[in-house]
Structure formats: C-alpha cells, structure tokens
Amino acid sequence: MRGLAEPPSRPHRRAVSAILATADEPFRNRVLERLLAAGYDDLEVAELPAALADLLRESKQTLVIVGGTWPDPQAFLRVAVNAGALPLVLLDASALEAEGEALAMGACAALQSDIPASSLAAALAAVDAGLIVLEPSARALLLSANRDRFAPTPANSVAEPSTPAADTPAPSPRKGRPLTSREREILSLVASGTSNKGIARVLSVSANTVKFHLAAVFDKLNAATRAEAVAEAIRRGELSL
Amino acid sequence: MAANSLLKQYSDERAALVQNAVPKAAAIILGRRRVFSGIRWRDDLIITAAEAIGGAEHLDIRFDSDELEANVVATDLTTDIAILRVGSSATAPSAATPSAAVPSTPAPLLRVGETIAVVGHTLRGPTAIWGTVQLAGPAWSSRRGGKIDQRLELDVGFDPSFEGAAVIDTSGNIVAMAVPGPYHRVLGIPTATIETVVAKVDQFGHLPKPYLGIRLQPLWLDDDTRSKLGRKARGIAAVGGIDAGSPAEQAHIELGDLLLTLDGQPAESVNDMARRIASATPGQTIVLEVLRGGKPLTINVQIGERPRH
C-alpha cells in the first residue's frame, strides 16, 4: 500500500547500513545508541581489523564507522581504505591535527564522537553520496590548505630539488606574509609595552583573541619573542618607529 | 688541617655572601609551569627579565614563605628589564614616589675574571650558582636599541630558573641581573641600567617608549649614487609611511624622504635608525638630515611617546 501511495519517481530511501569497527565497548554503545535513535538498525560490528576485512569482502556495505581507543582506529581505517570502503572517523577530542591525520589517511568524515544522532545520520548519508564531511572547526584545515594552493609564497612556489634537513620543520605558509591592520595595531601596542590583557582592553576584544593574533604575527615575522617581533616588523617597514 | 680550615673558611664566606643576598631573591610564577627569578629591588618593586614575562599583566611572586600577586608596571624590551609592583592593584603608581633607592655613587664596573654568584629562587627555595665574569666590556647598545652601561658575559652553570636572578660580587652587592643572551651566553644587565629604568618609571608612572611615527623601508644604492652622496653604507632608509598626528608628521617629514644622518651621524640602515630612535628619550629633539627631491634638508624633530591607548 505504501508503495502505491508514494509517487514512483521518488527514489526509495536506500537502507544505508554501516559497519561499526571497534572493540571499545563504551564507545560502541554510545554510537550504536545514536545510530538506533536515527533509525539505523542494519548494523554490523567488527571488533578486529581482520574481521572488518572479512565483512567488507562479503558484504556490499561500504560505510565504516571508526573510533574508540581499542584496537587502534588507524588499523581499521587502513583496512577500510584499502578495501575501497567509505570510512567515517569519530574522534574523542577536538584536535585539528587528528582530523587532518584522519583525512590524510583517507577518511571521508572526521567528526566528534559526541555528535548528535541526527548529525551522524546526515553525515552517513552524505558520505554515502560521495561527499566529505567535516566539523565546522576543521575549516582552518581547509583554509590553510587553500592558502598553500592558491597563494603560493616564493618559498613553496619554486620547485626546489633541495633536500631539506630532517630536523627542519616545514616552512609555515604564513611566514613572510604582510601583517593585517589589526595585527599591526596589536604589535604597535606590544611595542609600547602593553600587556596582552591591556591590549585586549584597548581593542575591546578578549585576551585570547590577542594571543591568537600575536601567534599569527610571530609566525609571519618568524619571531620567538615580543622584542624580536617588534624589531622585525620595524625592519620590514610594517611598524613605525 | 690548615688546608681544611682554609677550605671551610672559603666555603663559609661564599655561603654567607649568598645568604645575605637571599632575602633579595624572589621566585616568579608564570602560568602553571614557568618559574624564573626576580630581584626584590625595593619593598614594593621587583625586577626581572622582560623576555621571561611575555605579555603577562599579573604574576605570582614567592619569597620566604609568602606568596603575593604582582602587577607588571613596565617592560623594556630594549634592555630586557621588567618592573613588577607587589601588592596594591594600582597599575599606575603615583609619580610622587621618591626614587630614594638610587645610590649617589655609581657602582664600580666589574672586571673580567671577577668571581660572582647568581642568586635566584625557585618554588623549592632560594638557589645560587657561582661563576666568573667572562667578559667585561664597555657600555653597549643592545640590538633593540637599549643603552646598557656595561657589557657583561657570565660564565655560570645557568638554567632557565635563573633568568632575572641577581648577580652579586664578592662584597655581596647586587651588580647585575642575569639574563640569557644569544648563542647560549649569559648576560648581566648592570645595576646602573636597572636604576635608569626604575627612575623613569618612578618619574612617569610607566616607561615611555620613544616614538617618531615613521615607517622605514631600505633602498639599495648603486655605486654611482653612493659616491655622489658620499655614503659608505649600501642601503639607505626611505620613509614609507607616516603616522597621523605623530611627531614626524608635525615636523613635516614627508613620504619618500631618504634619511642621510641622525644628529650628524650617518643613518646606516633601517636597523640602525630603529636602534638609535629606541635609545632616545621622549621629549628629546633630534636633527635629521634627509634627501628630498635630490636635495638635502635638515629637520628637527622632537621625539614623542609611543601611544598606549
């Protein structure tokens, strides 16, 4: 009856099923609870990477949810990627590096493990449709990648055959870039001997915002201390003397 | 036995000198982890290293068994001196505070090879290390433009907890503050330099930073132009920006002016200009010779104070 009542053009909602790959029971229960709340009841569980490999070989399910603390989620992620599945990684802490690492390893989504059930369902559907899903906080990851790509600095626009020393960190994409007017304003106050809180008061922003701007300033000017930052900004004609 | 008693005497005397200086040492606590040293300069004032405190405004201080809060009154990045005030929350002390502690006779200069001790403080108690004055040079100007009364490099087993600690001589006088320098050197910032900064803070209630209001860019001169201008330096500083309402604007310095000399001495580079302006005093008038439209021009500018609003 229902089938007749629905217009035939409307695609039948595909039963998006998934494999939950982890042996971490508290984590598994949390995620299962949310998936069930979101209407997913066709779920498989793989407790070991080898079991996941077997499941992926015999089933058509391609969505794999990876997370928890044991076994190492990276092992599951590798298996899923190698099998051509679509892995979603649920992270316990909001660490940009972890999100970046998961994406670099081939994850289709990197999300918080406490994501609401409705968002998790949306993420599964999106990944199933071939999209990449990220937390809003991961925007910075994309932007930094974009900066590299679309606004190359002289340092990374030249294809250098040089072999960088193993202990030299990769040059920051911010190095050598001009300061923004806000950054100049803040650095000028630093030069006048104002504390971070003092600067925050003057500009009516939070001390954390000041620190955030200063971190960018230090990065751009390749400075480790306030004195170095001030001296370098003067040398570059960014700060008046 | 005589040797033993001499050794004991030597050790006792060293310990006594340090003991004497211990009441002047304070531990300074920044955040949860960083602890470094400070010198209890006067009842209410503590001196420490400006680099160590970063952008902090309040710090916890510990000495004896007291733990107090101190406010950062002034930081001088050019000399690496920071002044903290203990107790009252007033960030702006009354300008009437007498600078009674300034000694009438200048401290004698340290000599190379002299024995010194660095007396600091950690959370576990006072600390001391003995060492030698490795280098005692004339007055110098730091890379940031700070006028420092004597170049002192110390040979001591330094660690970061001694940053900002008191350096005492064998008479037990505080002669300097120990700070880390480039190339793992340990520098002494002489007492006279600290007195100068403290006196300024006593006078103004804060540390006025000299300010002209010009942004400079280096230009590179070819050999012909250089010989025409009679300049040795390859570079010359060009005015690339003038702050509105600044002393430079009031003195009619113009965009594109090339700085030839400052007070009769050649202005070698942007760095050189920055150093010399930083070592000037607000209120002081300097004479700039600039090249404008190919013609030299002399401009008097009264150095102002960098805005703090």
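**Where chain A meets chain B**

In this predicted model, 20 residues of chain A are in contact with 31 residues of chain B. Let us start on the chain A side of that meeting. Helix 10 (196-203) and helix 12 of chain A each supply at least two residues to it. Helix 12 of chain A gives the most to the side that touches chain B, with six residues. Taken as a whole, the side of chain A that touches chain B divides into eight nonpolar, nine polar and three charged residues.

Helix 12 of chain A is a good place to pause. Its partner across the boundary is helix 6 (residues 270-278) of chain B, and the axes of helix 12 (residues 226-235) of chain A and helix 6 of chain B come within 9 Å and cross at roughly 125 degrees. An angle between 115 and 145 degrees is neither roughly perpendicular nor roughly antiparallel, and helix 12 of chain A and helix 6 of chain B are therefore oblique to each other. The crossing of helix 12 of chain A with helix 6 of chain B is right-handed. If you would like to find the contact in the structure, look for Ala231(A), Ile234(A) and Arg235(A) in helix 12 of chain A, which meet Val270(B), Asn271(B) and Ala274(B) in helix 6 of chain B. Among the residues of this contact, four are nonpolar, one is polar and one is charged.

How enclosed is helix 12 of chain A by the rest of the structure? Seven of its ten residues are buried, so helix 12 of chain A is largely enclosed. The buried residues are Arg226(A), Ala227(A), Ala229(A), Val230(A), Ala231(A), Ala233(A) and Ile234(A). Their packing partners come from both chains: helix 9 (181-191) and helix 11 (207-221) of chain A, together with helix 2 (50-53) and helix 6 of chain B. Just after the helix comes a backbone detail, for helix 12 of chain A is followed by Gly237(A), whose phi is positive, near 75 degrees.

From here we can follow Val230(A) into the interior. The largest nonpolar core has 105 residues, and Val230(A) is among those with the most contacts inside it, along with Ile83(B), Val167(B), Met177(B) and Ala178(B). Leaving aside its neighbours within four places in sequence, Val230(A) is in contact with Leu187(A), Val190(A), Ala191(A) and Leu239(A), and with Leu77(B) from the other chain. A second, separate core of 36 residues includes Ala18(A), Leu63(A), Val66(A) and Ala123(A).

Three of those names come up again around Leu88(A), which lies in strand 4 (residues 86-91) of chain A. Leu88(A) counts as buried because it has 27 C-beta neighbours inside 10 Å. Not counting residues up to four places away in sequence, Leu88(A) touches Leu63(A), Ile65(A), Val66(A), Ala107(A), Cys108(A), Ala109(A), Leu111(A), Ala123(A), Leu124(A) and Val127(A). One of these, Leu111(A), is 23 residues from Leu88(A) in sequence, with 7.7 Å between their C-alpha atoms.

Finally, let us step back to the two chains. Chain A has twelve helices and six strands, while chain B has six helices and 22 strands. Buried residues make up 32% of the 241 residues in chain A, and 40% of the 309 residues of chain B count as buried. Among contacts in chain A between residues at least 6 apart in sequence, 57% join residues at least 24 apart. For chain B, residues 24 or more positions apart account for 57% of the contacts with a separation of 6 or more.

Notes: Residues numbered from 1 in each chain as written. Chains lettered and ligands numbered in written order. Predicted model: local features only at pLDDT ≥ 70, side-chain atom pairs only at ≥ 80, totals over all residues. Axes fitted to C-alpha atoms, helices over the stretch in contact; angles between N-to-C directions. Helix = DSSP H or I, 4+ residues; strand = E, 2+ residues; numbered from the N terminus. Parallel < 35°, antiparallel > 145°, perpendicular 65-115°, else oblique. Left-handed = near helix turned anticlockwise from the far one by under 90°. Contact = placed C-beta atoms within 7 Å. Nonpolar A, V, L, I, M, F, W, Y, C, P; charged D, E, K, R; others polar. Core = buried A, V, L, I, M, F, W, Y, C linked by C-beta atoms within 7 Å. Buried ≥ 20, exposed ≤ 12 C-beta atoms within 10 Å, placed from the backbone.
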